[in-house]
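Grab the structure and work through a few exercises on strands, helices and cores. Try each task yourself before reading its solution.

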Amino acid sequence: MQATQRSALGSDKDDFTGSSIDSKSKVDVVVIGAGISGLIAARDLEKQNRSTTVLEAQERIGGRCHRMQTINNWWLDLGGQWMGQTHHLFKALANELGIKTFDSYFDGKTVLIWNGNRVAVPMVADWDTTFLGIAYSDLPVSIKEKEAAQKLHREFLQLVQTVDAQQPWLSPNARALDTQTIETWMRSSTDCELAYYILKWYTRVGGSGGYEPGDASILHLAQTQKASPQSEIPEKWMLYGAVGQIADLLAQQIKGEIRTNAAAQAVIKQSDGNYLVKAADGSCHSCSAVVIAIPPALRSRIVFEPGLPAQVSGLQQRSPMGSMIKVLTVYPTAWWREQGLNGYAQGTLPTVEMTADSSPPSGKPGVLASFIAADKAVQLGLKDPVARKQLILNDLATIWGPEAANPVNYFEINWGEESWSTGAFTSFTTPGTWTSFGPAWRNSVGRIVWAGTECSARWAGYYEGAIQAGLDASKTVQSLLS
């Protein structure tokens, strides 16, 4: 064994394998990460007659795809829960697995809380010409504010159309846009808080979710909306039994070993061009290629020998995860529907950024999904759990009335505290990253291939992107091994 390998993995064979170098497993491909993207990659590789081993750091599989049960035998998604109108791969996968979908509930009025004013108004399907689904005429603000918000939103959508979603660093004026934060871009155009709120919604919960306008560049936000436009209704459907079941169903179709509690610790390139992968459970795996299906920020926990190219490691260091707390409050029935309300709300509340109806079509049980994002999620996570819960329920009561403060079940997950996710919905890039490090985004390094939803040029951060990235990784491995 070479000295460089010993420096990372110990000085003898037993340290490396947990037993001996001769006992290591040998497969065509090791997949690191048993989220949806990694499982899709493994399954597709096996369809091409490649042998696989999947290494998962957690004691469960699924990653940010995670479910639990509540009253009436209803399943809740603690992670992502929606399927979009143009999520064709996701739709096909659900059909293949025999999972039925149902329409998200948007009938009736939506609620907006704006600077202490509460309005319940009809929801409009056209996202690009409204204030986040609300007609501008229904907003409780001055005409001047409405016009300023419309103008900024229109300018942003026009900018989105100029961006190259697959190679954003090649977009017109890319460097100037990439070194300008969303915050500075919007404030250079207007001083209207209503206008700012639209872009803040995009950064905090609008798909790319979990960060503030000062954290990323306007190029990054434009790229995410070009690749994953809200106008294509990414929250169109939900799944009976929750999305969280998909990981287990995929795992049942994979012939190779899936090892949990087996975080990948090192990926070592050998003199014959193959790789050795060491895992935290003491196992060692020899393979011809490696698929790494975890978020960019987590890849730095793996020791690579030789080291990754500077552009690749630089991109990983500058791609933090968003900050997100998801709360699910469960009631005997979706009583808000009886009041002509659809469960969808947003606005300038102290804590909660957005709520959405996550109930079955019958409305029994009633489920509200609430999201606390970005800086609010960080600050709220520091509070005592009892105080945190009360703040959230206070906001729900402000939106929906006193009934909302008394759920029969209350579930809360702070994705920033999940050791092998470190945040949600997805990652974002810091200012200047796309134009300095972006070309390394999806390029393989030797036969180390990247997957995970963050690697998709279409619907990154969504299940659709995870599936696409898994299939792309499988295709790339096939090409490299041919």
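Below are four exercises, each with a worked solution.

A word on the ground rules: this is a predicted model, where local features need pLDDT of at least 70, side-chain atom pairs count only at pLDDT 80 or more, and totals for chains, interfaces and linings use all residues. Residues are numbered from 1 along each chain as its sequence is written, and side-chain values use heavy atoms, with hydrogens and water left out.

**Exercise 1.** Work out the strand order of the seven-stranded open sheet and find its edge strands.

*Solution.* Start with the terms: strands (E, at least two residues) and helices (H or I, at least four) are DSSP runs numbered from the N terminus, and two strands pair if DSSP finds at least two bridges between them. Next, read off the order, β7-β6-β15-β16-β17-β14-β18, with mixed pairing. The edges are then β7 (117–122) and β18 (409–414), each pairing on one side only. Now zoom in on one pair: β14 (residues 324–331) and β18 are antiparallel over six bridges, and T329 has Y410 as its bridge partner in β18.

**Exercise 2.** Find what helix α8 and helix α14 touch on this sheet.

*Solution.* Contact here means heavy atoms within 4.5 Å. Angles run from 0 to 180 degrees between N-to-C directions, using axes fitted to C-alpha atoms (for helices, over the stretch in contact). First, α8 (residues 193–204) touches β6, β14, β15, β16 and β17, and its direction makes about 110 degrees with that of β15. Then α14 (residues 374–381) touches β14, β17 and β18, at about 95 degrees to β17.

**Exercise 3.** Which residues of the largest nonpolar core touch the most other members?

*Solution.* Such a core is a set of buried Ala, Val, Leu, Ile, Met, Phe, Trp, Tyr and Cys residues joined through side-chain atoms within 4.5 Å; buried means under 20% relative accessible area (1.4 Å probe, protein chains only). Of its 68 residues, the answer is F156, L199, W201 and Y202. Helix α8 gives the most to this core, eight residues. Finally, look around W201: leaving out residues up to four places away in sequence, its contacts include W127, Y344 and M354.

**Exercise 4.** Which strands does β10 pair with, and in what sense?

*Solution.* Take β11 (residues 275–279): five bridges join this strand to β10 (residues 264–269), antiparallel, with A264 facing A279 as bridge partner. Five residues sit between the strands of this hairpin, where G273 takes a positive phi near 90 degrees. Then take β13 (residues 303–305), which runs parallel to β10 over three bridges; V267 has F304 as its bridge partner there.

Technical notes: Buried < 20%, exposed > 50% of the residue type's maximum accessible area, 1.4 Å probe, protein only.
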